[in-house]
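Q: I'd like a close look at one part of this protein, namely its inside. Could you walk me through it slowly?

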Amino acid sequence: MFKIDVSLFTIFLYIGCEKASFVRAHPKALKYNTHLITCAGAAGIPMIIIGGNINGYSKTVGTIIDRRDTKAIQDLAIRQVDVGAQIIDLNVGLGKSDAVELMRWLVTTVQDVVDVTLSVDTPKLDVMKAGISEVKGRSMINSISAEQEKMTTLFPLAAEYDSDIICMTMDEQFILGDVDKRVERAAIIVAGACEHGIDVEKLYVDPVCLPVSTAQDQAPAVVEAVRRIGMLTSPASVLKTTVGLSNISHDTKNPRLIERTFLAMLIGAGLSSAIINTEDRDLIDTIKTCDVLLNKDIYAADYLRA
């Protein structure tokens, strides 16, 4: 069903592994065929908000998780859904001997009060299995990379639980590289998913943001990667894209302004979703305004209140 000749960058994808729809993409066409470089990758589909506020890397939230404060976690989950989050990312943090039990508790605590997709965010396989198996509704694995070992281990888990998957365009060398490398790894991941019977619609490809304070040249590369990854499938909206938005603003003096501006650029390039700080009301308003201006949502005078 697939042919991916990475060396020539010629890509044939059989969308969804079952539906006959092919795209042939050549690097020059992907880069210079400007009539293809539009936001058609997300035409008619509003941005998917992934709430990223339940994260043990935050000192405040980490303390709440460690003491298993049910009410505080549930209040945070409800606030994220109230502002439009369709997915909630759950991360207990690193270096915790009881991470498996903490993740189980976190999943149970959140799904008791909200009915949205729960994203289990961890690099540890035992913690991932514990979290995914605890989810009663829709689940997401955060994340898989183009590393062969990761794909071999985690794609079967995703298939078993019918999970969506965040897919990072990194491989064994952990070097992000240029736009072509990101798109190449995205194609490898898509092929690997379909080999395990996972539909392309389940994938959210993350071209990986780096801090503008230390890797300024990578910001435009991520924008262009979003455009081109969206063109790997037909229709383009089949393969979703995402970013962990806070990465771009790490160690900067104006993090919220940088995040809002960069997100607007990415949405214009066809970004499907983002893991964001849902407590930033201006960021939420930016998403809603972009959806209106790109004709993904109906304009009304009070659209920001929706």
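To start us off, how much of the protein, out of its 306 residues, counts as buried?

A: Sure! Keep in mind that this is a predicted model. Of the 306 residues, 54% count as buried. The chain folds into 10 helices and 11 strands. Among contacts between residues at least 6 apart in sequence, 65% join residues that are at least 24 apart.

Now for the inside itself. In soluble globular proteins, nonpolar side chains tend to be buried together. Here, the largest nonpolar core has 53 residues, and the ones with the most contacts inside it are Ile54, Ile88, Leu90, Val110 and Ile165. Helix 7, which covers residues 179–195, gives the most to this core, with 8 residues. There's also a second, separate core of 24 residues, which includes Ala219, Val243, Ile267 and Ala269.

Let's pick Ile88 out of the largest core. Setting aside its neighbours within four places in sequence, Ile88 touches residues including Ile54, Ala77, Val81, Val110, Val114 and Leu118. The list isn't purely nonpolar names, either: Gln80, Thr117 and Ser119 are among the contacts of Ile88 too.

Ile165 takes us to strand 8, where it is the bridge partner of Ile141. Strand 8 runs from residue 164 to 168, and 4 of its 5 residues are buried, so this strand is largely enclosed by the rest of the structure. Alongside, strand 7 (residues 139–145) runs parallel to strand 8, and 5 bridges join the two.

Next, a glutamine. Gln74 sits in helix 3, which spans residues 70–82. Gln74 counts as buried because its relative accessibility is 17%, and the cut-off is under 20%. What does its side chain meet in there? A polar atom of the Gln74 side chain lies 3.0 Å from the backbone oxygen of Thr109. Leaving out neighbours within four places in sequence, Gln74 is in contact with Thr109, Asp112 and Val113.

Finally, a word on cysteines. Cys209 is buried, at 3% relative accessibility, and Cys290 is buried as well, with a relative accessible area of 13%. A disulfide is a covalent bond between the sulfur atoms of two cysteines. This structure holds 0 of them.

And if you step back to the outside, the accessible surface of the protein comes to about 14000 Å², with 53% of that belonging to carbon and sulfur atoms.

Definitions and conventions
Residues numbered from 1 in each chain as written. Predicted model: local features only at pLDDT ≥ 70, side-chain atom pairs only at ≥ 80, totals over all residues. Heavy atoms only, no water. Core = buried A, V, L, I, M, F, W, Y, C linked by side-chain atoms within 4.5 Å. Buried < 20%, exposed > 50% of the residue type's maximum accessible area, 1.4 Å probe, protein only. Helix = DSSP H or I, 4+ residues; strand = E, 2+ residues; numbered from the N terminus. Contact = heavy atoms within 4.5 Å. Polar contact = N/O pair within 3.5 Å; in protein donor to acceptor, adjacent residues only side chain to side chain. Areas by Shrake-Rupley, 256 points an atom, 1.4 Å probe, with all protein chains shown as cover. Disulfide = S-S within 2.5 Å. Pairing = 2+ DSSP bridges.
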